[in-house]
Amino acid sequence: MPEQMETCLRVEGLGAGYGSLQVLWDFDLEIGAQESVVVLGPNGAGKSTLLRTLMGLLPARTGSISYFGRRIEGMRTSQRVRAGIAYMSEVGIFPELSVEENLLMGGYSLPRGRVRRRIEELCELFPEVARTRRGPAWKLSGGQRKMVGVAKALVAEPKLLVLDEPSAGLSPVYVNSVVEALARTMGQTGPALLVVEQNMKFLALAQRVYVIEGGRRRFRGTVDELQADDSLRRAYFGLQGA
Amino acid sequence: MLIPRTRTVGLAALSALLASGLAACGASSSTTASSGAPKNIVIGTLYSGSGSFANSSLPEFQGLKFWIKEENAAGGVYVKAFNKKIPIKLVALNDQSSTTTATTLYEQLVTQDNINIFVPDFGSVLTLPAVTIAEEHHMLLFDQTATGAPLFTPGNKYIVLCDLPLSVIWPDPLAHFILAKHIARVAIIYGANDFDATQAATVKSVLAQGGITPVYYQAVPTTTTSYGTLLHDIAATNPQAVIELGYASNDIPFLQAVHQGGYHFGMVMTAFPGQQFSLIEGAVGKAGLSYTYTYGVPPYIKFNTVSEGLGTNAFISKFGGGNIANVSFENVAGYNTGLIIQAALAHATKFTQLSMRAALFGLSGHFTTLDGAFQLNSEGGQVGELLPLAQMLPTSSGNAIKIVYPPASADHSAVYPAP
Amino acid sequence: MLWLFALIAGILFGLYYALAALGLNLIFGVMRMVNLAHGDVIMLGGFAAVLLFDRLGINPLITVLLVIPPSLLVGFVAYYLLGTRVQRSRDPEMMSLVMFFGVSQVVEALAVIGFGNNEASITSAVFGSKPFSIAGQGVPGAWLVSAGVGLAALILLFVYLYHTGLGRATRAIMSNADEARAVGVNPDRISAITFGIGVGLAAIAGIFSLFMIGGTTPSEGVGLTVTAFAVIVIGGLGSPMGTFLGGIVFGLALMFTQTYAPVWSGFAPFAILLVIMLVRPTGLMGRSVRSV
């Protein structure tokens, strides 16, 4: 994280799990305001658990989470959302609601007038969303779902956008367009971005990378530093032939 | 002391006694060593403190308790086998209208509570589990109000029906009334259960003897509570008389539907307004019940010359404070069960279950209570206490139940067709 | 024209059955809890109407409005007292069965103490004593009123769910509870409101059970829960609007069998339930078309 940048999120010693199963161990993470960070890891590494714990959907067993200097690990999810953290789960949308209603739900904790304005703005930014706006969300294709999911998360004008595997279930073409759309949105004034992924293409967005394996942090650094690490390069880039 | 062990020992002792031909009435705890006479006569029974049978079971239970109180106040019930009066002890358990609970509790009464007299809960549903248990344990079942023919089989010596005739003969006066009035178009709708189906079959066969075939004859599930469409279809057959044979929980929605749909038939008959008058009048209203026919039961049919216990008027005054509205059929039935037990004990030469049965068969046909003439068929079924036909006739203070047929017991003439 | 009467009666009863099942399905849809005390709430609604009519002469249609505030309150309290515990358990569906079975037993026992075991009903013809003519068929006024209230409740629920913010949040929880929490919805608040609405709908259905199924008695709760459950399974679990269809199918099945084969009338609606389960296990309006 560049030194002059304000810290958006600082996670220290975070542990979490389900019942007797501990999934996440002693995890540290830092994101600057307007920084984009990608957490790479294979299936079952604890990526989703990390995000669910950040959002308060799962209680933190150990450690602390600070958001712009405020401790939030004891807060309810709704409080974290109101504080400006937006989250897109792997599902990402409400299939039974219309696309429009999904966007409205994205702005659930905002005043109604602002939500309407924000939806219009986002529809200009995401033509794909504007096209499907009136229809039911369950009819969307996988790629369209992700676009709507991202737009929905952005309705809340977040300071931190948290995305759980936006590439899951997408064809490579769609992965590219999701990455492009995100790049477009983030720009200079966009929110901080935290993406957990297996797909290398998202590294195009990343200023810094974390690697998580077996619930523990394996690596922290820039994309270049990641490529310089032989074993990691083989593990992540080798397989994809990138 | 370990209960299972005691129970096993008790059962073993019982089997030993049975094997030696000494099917004793009493069990050891209530029997004193010196005279052989028990300290108490223990009556074991169940009642439904809640659930669908509570509104029949509780008043019946009150009637039985009233009899016990009367007897104990006079020093106990006379037991001929010991030639003395012995106080009555009651063991009563709550089955909450559940047959499974009832089955367990019947077992408990018979195997653990050392009862001498076995009285089941109200009605066929809750009596049925007691029938097999009584037969297995060689206890005479003083069946109060379970009247379905399948309960009585030639092989089973351990049941007598105390307070109502077998349901198959209930509608006999009804069917003959229809013939006497020359009512040609008759609709019959009945519950798909033994109790109602046997009644319907009886009406049908008596009518057939008079050359009448019902214009509508259909069974409906016992759980039926919506009769609007059924009544519409019945009305389409243009009947003069509509007979609905069900339980009280059928009669209420049926009568409501007649009222609600604005139907008018010359004659409407349902089974339970006589037995559960205040319940049904409360639920369907006075106007909804006026001119309806029903089975006439005590205390509306009166027996004041009796050979055992209180006559109808004396019972109304002593139990109901002189007001017939405080006395239901179930009260009479429960009290009458007590009278039958009393007669059995007073005439049995030995204090055994089969001796009590023999005493009751000896009394059959020579014995009258406020419930009518006591008469048993060879299987222990009641055939004496006939149910005449009654009609609800409006008076200034509500409906009065009047016996209208057969002429011998009628206290009023029927209003047919209904205005 | 027996079939025409059966058709009209089937639709009118169908709307009543839909009303009787609506609350159960709404609660299941939002909370994945099976409220086995649903039928007992219907029973209590019936007793409320009888008591208010007998003691104070209040028309049952007024009672419809009067039962709403206490129902919402009861729903709130019940949700925070019991529902939250059920939701936190490992298997909420199973836990809800156990918990609300207990509630059902307690309510029934208290009702016996409070009202006695007897069947209670409103005996005077509050909705007219003469049948109304529909397509030449004479139909009791009480049926029309019951069906009308059922239809109104369905429409109001539809408006609430599809055209208000709270309703949208409710549907969001039905669609994906975690996702709803992640956009800031407080599921407890929505669930408590939904529980209140579900209880209210049941109580309203109870008022009309007096006219449609001939009265109310403390022991009728279990049977009513079974009927309501059949209706929502036919229509689609978790789909309040499917309940409308489920109710109509149930009503038509009952009335047509009563007309043409009365002895099967208790069995036919459940036979249809089985067939639907085999052919379309999600119910008529199951998940795949739920958002229509």
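**Notebook: strands, domains and chain contacts**

I began with Val211(A), whose bridge partner in S10(A) is Phe219(A). I note at the outset that the model is a predicted one, and I keep that in mind for every entry below.

**Entry 1: the strands around Val211(A)**

I followed S9(A) on to S10(A) and found 5 bridges joining the two strands, which run antiparallel. They make a hairpin with 2 residues between the strands, and in this hairpin Gly214(A) takes a positive phi near 55°.

Then I turned to S3 (residues 36–40) of chain A, which is joined to S9(A) by 4 bridges and runs parallel with S9(A). Here I met Val211(A) again, since in S9(A) it is the bridge partner of Leu40(A).

Is strand S9 (residues 208–213) of chain A largely enclosed, or largely open? I looked up its residues and found that 5 of the 6 are buried, so S9(A) is largely enclosed by the rest of the structure. For my own reference, I wrote down that a residue is called buried if 20 or more other C-beta atoms lie within 10 Å of its own.

**Entry 2: the whole sheet**

I next asked in what order the strands of this open sheet of chain A are arranged. There are 6 strands, in the order S6-S7-S8-S3-S9-S10, and their pairing is mixed. At the edges I found strand S6 (85–88) and strand S10 (216–221) of chain A, each of which pairs on one side only. From one strand to the next, the twist averages 15°.

I reminded myself that strands of a sheet pair through backbone hydrogen bonds, either parallel or antiparallel.

For a parallel pair I chose strand S7 (residues 160–164) and strand S8 (residues 192–197) of chain A, which are joined by 5 bridges. Within this pair, Leu160(A) stands opposite Ala192(A), a residue of S8(A). I also saw that helix H6 (residues 142–155) of chain A lies across S6 and S7 of the chain, and that it runs at about 165° to S6(A).

**Entry 3: the nonpolar core**

Which residues touch the most other members of the largest nonpolar core? The core has 307 residues, and the ones I was looking for are Val162(A), Phe118(B) and Leu19(C). The largest share of this core, 20 residues, comes from helix H1 (residues 2–31) of chain C.

I looked more carefully at Val162(A), setting aside its neighbours within four places in sequence, and listed its contacts as Leu51(A), Leu54(A), Met55(A), Ile85(A), Ala86(A), Tyr87(A) and Leu194(A).

**Entry 4: a loop residue in chain C**

I moved to Ala37(C), which sits in the loop between H1 and helix H2 (38–56) of chain C. Is this residue buried or exposed? Ala37(C) counts as buried, because it has 28 C-beta neighbours inside 10 Å. Apart from its neighbours within four places in sequence, Ala37(C) is in contact with Phe100(C), Val103(C), Ser104(C) and Val107(C). I also noted that Ala37(C) and Val199(C) are 162 residues apart along the chain, while their C-alpha atoms are separated by 9.6 Å.

**Entry 5: the domains of chains A and B**

I wrote down that chain A is divided into domain 1 (1–84 + 160–242) and domain 2 (92–157), and that 23 Å separate their centres, taken over C-alpha atoms. Across this boundary, 14 residues of domain 1 are in contact with 11 residues of domain 2. On the domain 1 side, H7(A) gives the most, with 7 residues. By class, that side has 8 nonpolar, 4 polar and 2 charged residues.

For chain B the division is into domain 1 (3–166 + 304–373) and domain 2 (168–298 + 387–405), with C-alpha centres 32 Å apart. Here 15 residues of domain 1 are in contact with 14 residues of domain 2.

**Entry 6: between the chains**

Finally I asked which chains share the most contacts. Of the 2 pairs of chains in contact, the answer is chains B and C, and their contact takes 33 residues from chain B and 35 residues from chain C. Several elements of chain B each supply at least two residues to its side, among them helix H2 (54–73) and strand S9 (216–220). The residues on the chain B side divide into 12 nonpolar, 20 polar and 1 charged. By contrast, no contact joins chain A and chain B, and their closest C-alpha atoms lie 37 Å apart.

How values were computed:
Residues numbered from 1 in each chain as written. Chains lettered and ligands numbered in written order. Predicted model: local features only at pLDDT ≥ 70, side-chain atom pairs only at ≥ 80, totals over all residues. Core = buried A, V, L, I, M, F, W, Y, C linked by C-beta atoms within 7 Å. Buried ≥ 20, exposed ≤ 12 C-beta atoms within 10 Å, placed from the backbone. Contact = placed C-beta atoms within 7 Å. Pairing = 2+ DSSP bridges. Axes fitted to C-alpha atoms, helices over the stretch in contact; angles between N-to-C directions. Domains from an automatic or database assignment. Nonpolar A, V, L, I, M, F, W, Y, C, P; charged D, E, K, R; others polar.
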